[in-house]
Amino acid sequence: MSQALTTLDLQGALPLVARGKVRDLYEVDEKTLLFVATDRISAYDVIMENGVPGKGVLLTLCTQTWFKILSEAIPSLRTHFLTLDLPSQIPESLRPTLQNRSMQVRKLRILPIEAIVRGYITGSAWKEYQKSGTVHGIPIPAGLKESEAFPNGPIYTPSTKAEQGEHDENIHPDQATAIVGEPYASAIATLAVQLYKAAHAYALERGVIIADTKFEFGVDEATNEVVLADEVLTPDSSRFWPKDSYEVGRGQSSFDKQYLRDWLVREGLKGKNGVKMSEDVAQKTAEKYTEAWEKITGGN
């Protein structure tokens, strides 16, 4: 198993802007950022001590592919993606490491909410529904079974965007409006559902159900337009189920970090810091990510 890249040193080539759970962001110039996806992996808002080899490259290529698919499906869509080419400031010695795990993107004012869209009732939504008949405070028809599709189509269920080490909080769409204001809140809600529907249809034809996913959006200060940002529809930000084994009324196997989450719960390590994955868990997680990528995109 190859070595996972969990820490980066650009040797002063570009100034570091921020370090996220997975990505390190650097400033290329006043209008451009370099997003570098490491092989770090987090679960239950905690970063594991070791990473998943090759994960950053897979996430970056997956995101680039989805930007293309979604832009063709929704011609009016604007994204922050510019190129996979590395900026000229990157020294030759670092280029093999950074190529295909880095993308240059437009600098935006990022809106401080996660735009989650759920097509099926599972995870935290299922737990809330069992208790109160709601999802993110939204009343949902009675009688749904676990993993069932929402009867009136996918729903927009935002969350707050927490600082690293903190937990995102599920909120009602009205609270999202209070946080980001109009017209942004309405634009995000509409666009997020539109993106989910296009992606769901594309993946379903290839044997994958996208149960839910989260998008991030920014505002282009020059035009005031809402722009799709960050990563999209990766196994980090989405719940992918194999279509051929999908069955209502139970939890589903999935092509994402659910394997890692299940291991953490089983070992009593959920939410604990300083956890190192076993070699087997890191390998199996890598295989799940790769399988999703190959099914949806053909690995191109």
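**Entry 1: an aromatic corner**

I began with Tyr246, which comes out as partly exposed at 24% relative accessibility. That value sits in the partly exposed class because buried means under 20% and exposed means over 50%. A reminder to myself: this is a predicted model.

Next I looked up Tyr120, and at 9% relative accessibility this one counts as buried. I then searched the whole structure for aromatic pairs and got seven. For any such pair I need two things, the distance of the centres and the angle of the planes.

How are the rings of Tyr120 and Tyr246 arranged? Their centres are 5.8 Å apart and their planes stand at 80°, so I noted the pair as edge-to-face. The cut-off behind that word is an angle over 60 degrees. I also checked where the two sit in the chain: Tyr120 is in the loop between β9 and α3, Tyr246 is in the loop between β16 and α6, and they are 126 residues apart. So this pair links distant parts of the chain. Trp241 joins in as well, since ring pairs link Tyr120, Trp241 and Tyr246 into a cluster.

Then I tried another pair, Phe215 and Phe217. Their ring centres are 6.4 Å apart with planes at 50°, so this pair is tilted. Phe215 is buried at 0% relative accessibility, and Phe217 is buried too, at 1%.

One more ring before moving on: the charged end of Arg206 sits over the ring of Tyr202, 3.5 Å from the ring's centre.

**Entry 2: helix α4**

I went through α4, residues 173–180, and marked who is hidden. Pro173, Ala176 and Val180 are buried. Why do they line one face of the helix? Looking down the axis of α4, I see the buried residues fall within an arc of 50°, so they share one face. That fits what I know of helices in general: with 3.6 residues a turn, residues three or four places apart point the same way.

On the other side of α4 I found Asp174 and Ala178, both exposed. What covers the buried residues? The cover includes β9, β11, β12 and α5. Right after α4 comes Gly181, and I wrote down its phi as positive, near 80°.

**Entry 3: a sheet and the helix across it**

I traced an open sheet of five strands, in the order β1-β2-β3-β7-β6, with antiparallel pairing. Which strands are at the edges? They are β1 (16–19) and β6 (81–83), each pairing on one side only. On average, neighbouring strands here are turned by 30° against each other, direction ignored.

I zoomed in on β3 and β7, which run antiparallel and are joined by five bridges. I picked Leu34 to follow across, and its bridge partner in β7 is Gln104.

Helix α1 lies across β2, β3, β6 and β7, and I got an angle of about 45° to β7. Thr60 belongs to this helix, which covers residues 55–73. Is Thr60 buried or exposed? Thr60 is buried, with a relative accessible area of 5%. I skipped the neighbours within four places in sequence and listed the remaining contacts of Thr60: Ala37, Leu84, Asn100, Arg101 and Ser102. Two of those names I could place on strands from above, as β3 takes in residues 32–37 and β7 takes in residues 102–106.

How values were computed
Residues numbered from 1 in each chain as written. Predicted model: local features only at pLDDT ≥ 70, side-chain atom pairs only at ≥ 80, totals over all residues. Heavy atoms only, no water. Buried < 20%, exposed > 50% of the residue type's maximum accessible area, 1.4 Å probe, protein only. Helix = DSSP H or I, 4+ residues; strand = E, 2+ residues; numbered from the N terminus. Arc of directions from axis to C-beta. Contact = heavy atoms within 4.5 Å. Phe/Tyr/Trp six-rings, centres within 6.5 Å; stacked < 30°, edge-to-face > 60°. Lys NZ or Arg CZ within 6 Å of the ring centre and 35° of its normal. Pairing = 2+ DSSP bridges. Axes fitted to C-alpha atoms, helices over the stretch in contact; angles between N-to-C directions.
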